[in-house]
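The report below works through selected side-chain pairs, one enclosed helix, the contact between two domains and a few backbone features. Please read it alongside the sequence and the model.

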Amino acid sequence: MYSTKKIIAMTRKIRVSKSVLNNEEAKAVSRVISGDGYLGMGKEVQKFEEDLKKFLGAKRKVICVNTGTAALHLAVASVTKPGDEILVQSLTYVASFQAISGASAVPIACEVDPTTMTIDLQDAEKRITDKTKAIMPIHYAGDPGNLDEIYKFAKKHNLRVIEDAAHAFGTIYKRKLIGSFGDIVCFSFDGIKNITSGEGGAIVTADLKVAQYVKDGRLLGVHKDTERRYKGLRSWKFDVTHQGYRYHMSNLCAAIGRVQLRKFSSFKKNRQYLAERYVEFLKNIDGVEIFKKNYNNIVPHIFSIKVMNGRRDKLMQYLNDSHVECGIHYYPNHLLSYYKSGILPVTEDIYNQLLTLPLHPNLTRAQQDTVISSIRKFCKK
Ligand SMILES: *Cc1c(COP(=O)(O)O)cnc(C)c1O
């Protein structure tokens, strides 16, 4: 049992991120349970994939899996062989790195461009070897940076592109939705992303070979099991041609995802409104710096700022004491024991400044005002 004081403190706390679901998702899950009672991968997943395809409005394959990490892992496995190298910014969620090493490929940690927080191509170019097979750009906070330049770079060096678009569901780049173009694009639908399916992810591609590899790969490699499951059939006699995993999405998760997709435009509006409001009220405060972004196109998954003068940890503590939860996205991967590699000065510098402020569709203006006024008070001290 929590004490009354603790419960009051918990309810007062302004969360850095939050899942936003209600009765509608509950009803959808309940419909799956009381329907044909088939909870695994079946018709509901097929429908979620069709909904996503419609949303993206492009002739591409959409394959749903049980996490964003699984999406990245299968994407990497589909285009690499063991020992192949993938260029990736160090400043990303450890999922990006684990997805690469999980497929026995090698993540090559690169610097970030400190204005967009996406991969620094000049730095990446220096790290190309004859084993480099792909580049994995991260659309940090929903911003794909200069994606055209990444595709030019990939073409020049004959690399595959695996977009880690976990933050960027719904973001528009040059009038096109992320995922409606490009080589292989991976989304995450975990609890706090721009839309959630409880847990989940998706791979989007126009490459039919990759699509078939991933479709089989999510079902233990069982060839064309997806096609049979969508007809309500099972595979009793089958072939397996490559390593697979239990990575398929369940009907329960797909049911949640379908409801969330219908709510996306309101989530998007709230996220963009709140991000613009942060910019407006934080831009003139000495001691913090904001990233300049166009929130007409970007759907921000997180809102990070830079805290100057070595005071990041102090501000984080101050906000926590004021019941404002914050985050740090991310601890650089090249500093982890498992991925230890040389020094990346730009990444390490910016990491020490980064602070993520509360942002989710249910954050109220009053709560956001508390966040802003707390920062203002701290910076005056
Ligand atoms: C969330 C996230 C992932 C992984 O997604 P999961 O669904 O949590 O497995 C990968 N990369 C980045 C940048 C993420 O934020």
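Arg160 and Asp183 form a salt bridge, with 2.8 Å between the closest N and O atoms; a salt bridge here is a side-chain nitrogen of Lys or Arg within 4 Å of a carboxyl oxygen of Asp or Glu. This pair links distant parts of the chain, since Arg160 belongs to strand β5 (residues 160–164) whereas Asp183 sits in the loop between β7 (176–177) and β8 (184–188), 23 residues apart. Arg160 is partly exposed at a relative accessible area of 22%, while Asp183 is buried at 18%, where buried means under 20% relative accessible area, exposed over 50%, and partly exposed in between (1.4 Å probe, protein chains only). Helices (H or I, at least four residues) and strands (E, at least two) are DSSP runs, numbered from the N terminus.

The model is predicted: local features need pLDDT of at least 70, side-chain atom pairs count only at pLDDT 80 or more, and totals for chains, interfaces and linings use all residues. Residues are numbered from 1 along each chain as its sequence is written, and side-chain values use heavy atoms, with hydrogens and water left out.

**Salt bridges**

By the rule above, the count comes to 21 salt bridges. The table lists some of these pairs.

| Pair | Closest N to O distance |
|---|---|
| Arg160 – Asp183 | 2.8 Å |
| Asp143 – Lys293 | 2.8 Å |
| Lys263 – Glu25 | 2.9 Å |
| Glu227 – Lys215 | 3.1 Å |

The side chains of Asp143 and Lys293 meet in a salt bridge, and this pair links parts of the chain 150 residues apart, with Asp143 in the loop between β4 (132–136) and α7 (147–156) and Lys293 in the loop between β10 (288–290) and β11 (303–307). Both Asp143 and Lys293 are buried. Glu227 forms a salt bridge with Lys215; Glu227 lies in helix α9 (residues 225–229) and Lys215 in helix α8 (residues 208–217), so the pair ties together parts that are 12 residues apart in sequence. Glu227 is partly exposed, with a relative accessible area of 23%, whereas Lys215 is buried, with 17%. In addition, Arg31, Glu44, Asp51 and Arg258 are linked in a network of salt bridges.

**Helix α8**

Helix α8, which holds Lys215, is largely enclosed by the rest of the structure, because seven of its 10 residues are buried. These buried residues are Val210, Ala211, Tyr213, Val214, Lys215, Asp216 and Gly217. What covers them includes strands β1 (61–65), β5, β8 and β9 (201–205), together with helices α4 (68–79) and α9. At the N-terminal end of α8, Asp207 acts as a cap, with a side-chain oxygen 2.9 Å from the backbone nitrogen of Lys209.

**The two domains**

The protein chain is divided into domain 1 (23–259) and domain 2 (263–380), with bounds that come from an automatic or database domain assignment. The contact (heavy atoms within 4.5 Å) takes 35 residues from domain 1 and 32 residues from domain 2. The centres of the two domains, taken over C-alpha atoms, are 26 Å apart.

The area buried between domain 1 and domain 2 is about 2,800 Å², of which carbon and sulfur atoms give 58%; buried area is the accessible area (1.4 Å probe) that two parts lose on being put together, summed over both. Of the area that domain 1 buries against domain 2, Leu91, Glu111 and Asn194 supply 19%, more than any other three residues.

Between domain 1 and domain 2 the count is two salt bridges. On the side of domain 1 that touches domain 2, α2 (23–34), α5 (94–102) and β3 (106–110) each supply at least two residues, and the largest share, four residues, comes from α5.

**Backbone features**

Most residues other than glycine have a negative phi, and most peptide bonds are trans. Ser104, in the loop between α5 and β3, has a positive phi near 65 degrees and is partly exposed at a relative accessible area of 40%. Asn158, in the loop between α7 and β5, likewise has a positive phi, of about 55 degrees, and counts as exposed at 68% relative accessibility. A cis peptide bond, with omega about 10 degrees, joins His329 and Tyr330, and Tyr330 is found in the loop between α11 (312–321) and α12 (345–351).

Conventions
A polar contact is a pair of N or O atoms within 3.5 Å; within protein, one must be able to donate a hydrogen and the other to accept it, and residues adjacent in sequence count only if both atoms are side-chain atoms.
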